[in-house]
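Here's a quick briefing to read with the model open beside you. Have a look at the picture, then work through the notes below.

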Amino acid sequence: MVGGVHTSAVTMTENYIGQSIELNLFWTRIIKEHFIFMQANLMPKDVSYIQQAEDFKRLFEDFLYRTIRMANGFISSEVLLSGELLTDKTLLAEQKTVGLTGITIGIPITLEESHLALGTLPVHVISPELTAGISALNEQIISSARSVADFMGKVYEDVIHCRLYSTMLPSIYDHQRGETLNYITLLQRLQNHPMPDPYSNIAETEKFWNNNMMVHAEAVRQLLDFSERAMIKKANDFALRFNQLVRKFTSDTKPTVSLKQITSESRHATVAIRDFKATSTDMLLACQLKGVMSALLADHLLREANYYLRIISRSSTGV
Ligand SMILES: [Fe+2]
Ligand SMILES: [Fe+2]
């Protein structure tokens, strides 16, 4: 709620601005991190891929910064407290990644974003200029995200056809492309509808994110050192648990449970994997977990789980 005004016209605009800002704060950080992970896993000789990854990282970092500058006063406490924008580990994970890889990360942006929660940035009021600025930014992001999806698709194809070597698992590029496309879909919904609810299709949301949680578990299982048997087993158990949930939405399987029940099971499973990801991030930060996974990647997966948990909790309470 902004400024204590309750007319329906203001509510509609406020809703559009708030939804846009919340969506962009979450996703622009996620997209720019996909390029940090790409940069960390390409070979030094592949300069044009590395440069494109650097350009996309900076572009989405700029989108994130511009969104932060407009965001204060428009973010719901639900989103601020969800841990989807930043966790208490994000800054440390970024610092550690910079130290270990030498990759440039916009840490001042993270510090500025952390002030959103404290309310020390100037609060904006709704104006036609602000609404037009948000709309223009959304359009720019949609266009750039399409280029990101194309590039991710090209990298995936080049890796699987052995034209490019990467130490990142090929399916992760495909997964990141899928996340980019989902972001485009949600942002387009906001642009096209006057009173949007980008998550109105609960089954679609759960199908997409349960699959993502499964892929995260499969990725973590593959990125851990083979001596980490207990953590590998946990990751594998999560992969199987989410695979069961994913299968409940496939058309060739007769629905034996209601959507409400799947939502409840998905929520419980996501709380559990969220805790596993938080523990993994802490262990990586403390150098207590061996593997080829950075603390920033673990924190990234943690934020994606927090985002899904917020959406799914929202649907299970009928909001
Ligand atoms: Fe991601
Ligand atoms: Fe993901």
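Cys 162 counts as exposed because just 7 C-beta neighbours sit inside 10 Å; the cut-offs are 20 or more other C-beta atoms within 10 Å of a residue's own for buried, 12 or fewer for exposed, and partly exposed in between, with C-beta atoms placed from the backbone. This is a predicted model, where local features need pLDDT of at least 70, side-chain atom pairs count only at pLDDT 80 or more, and totals for chains, interfaces and linings use all residues. Residues are numbered from 1 along each chain as its sequence is written, while chains are lettered from A and ligands numbered from 1 in the order in which they are written.

**Two loop cysteines**

- Cys 162 sits in the loop between helix 6 (128-160) and helix 7 (170-192); helices here are DSSP runs of H or I with at least four residues, strands are runs of E with at least two, and both are numbered from the N terminus.
- The phi of Cys 162 is positive, near 60 degrees, in a residue other than glycine.
- Cys 287 also has a positive phi, about 55 degrees, and is not a glycine.
- The place to look for Cys 287 is the loop between helix 10 (259-285) and helix 11 (295-316).
- Cys 287 has 9 C-beta neighbours inside 10 Å, so it counts as exposed.

**The chain as a whole**

- You'll find eleven helices and zero strands in the chain.
- A compact globule of 319 residues would have a radius of gyration near 20 Å, and the chain agrees with its 20 Å; the radius is taken over C-alpha atoms, and the globule rule is 2.2 Å times the number of residues to the power 0.38.
- Along the principal axes, the C-alpha atoms fill a box of roughly 60 × 50 × 35 Å.
- Buried residues make up 39% of the 319 in the chain.
- Take the contacts between residues at least 6 apart in sequence: 77% of them join residues at least 24 apart (a contact means C-beta atoms, placed from the backbone, within 7 Å).

**Helix 2 against helix 6**

- Two packed helices are described by the angle between their axes and the distance between the axes.
- Helix 2 (residues 47-71) packs on helix 6 at about 160 degrees, with the axes 11 Å apart; axes are lines fitted to C-alpha atoms, for helices over the stretch in contact, and angles run from 0 to 180 degrees between N-to-C directions.
- The pair is therefore roughly antiparallel, a label for angles over 145 degrees (under 35 is roughly parallel, 65 to 115 roughly perpendicular, and the rest oblique).
- On the helix 2 side, the contact residues include Tyr 49, Phe 56, Phe 63 and Arg 66, and those of helix 6 include Gly 133, Ile 141, Ser 144 and Phe 151.
- By class, this contact has twelve nonpolar, three polar and one charged residues; Ala, Val, Leu, Ile, Met, Phe, Trp, Tyr, Cys and Pro count as nonpolar, Asp, Glu, Lys and Arg as charged, and the others, Gly among them, as polar.

**Two charged residues to click on**

- Glu 304 lies in helix 11 and is buried, with 20 other C-beta atoms within 10 Å.
- Not counting residues up to four places away in sequence, Glu 304 touches Ile 30 and Asn 212.
- Glu 304 and His 216 are 88 residues apart along the chain, with their C-alpha atoms separated by 9.7 Å.
- Lys 233, in helix 9 (residues 229-247), counts as exposed with 11 C-beta neighbours inside 10 Å.

Methods: Contact = placed C-beta atoms within 7 Å.
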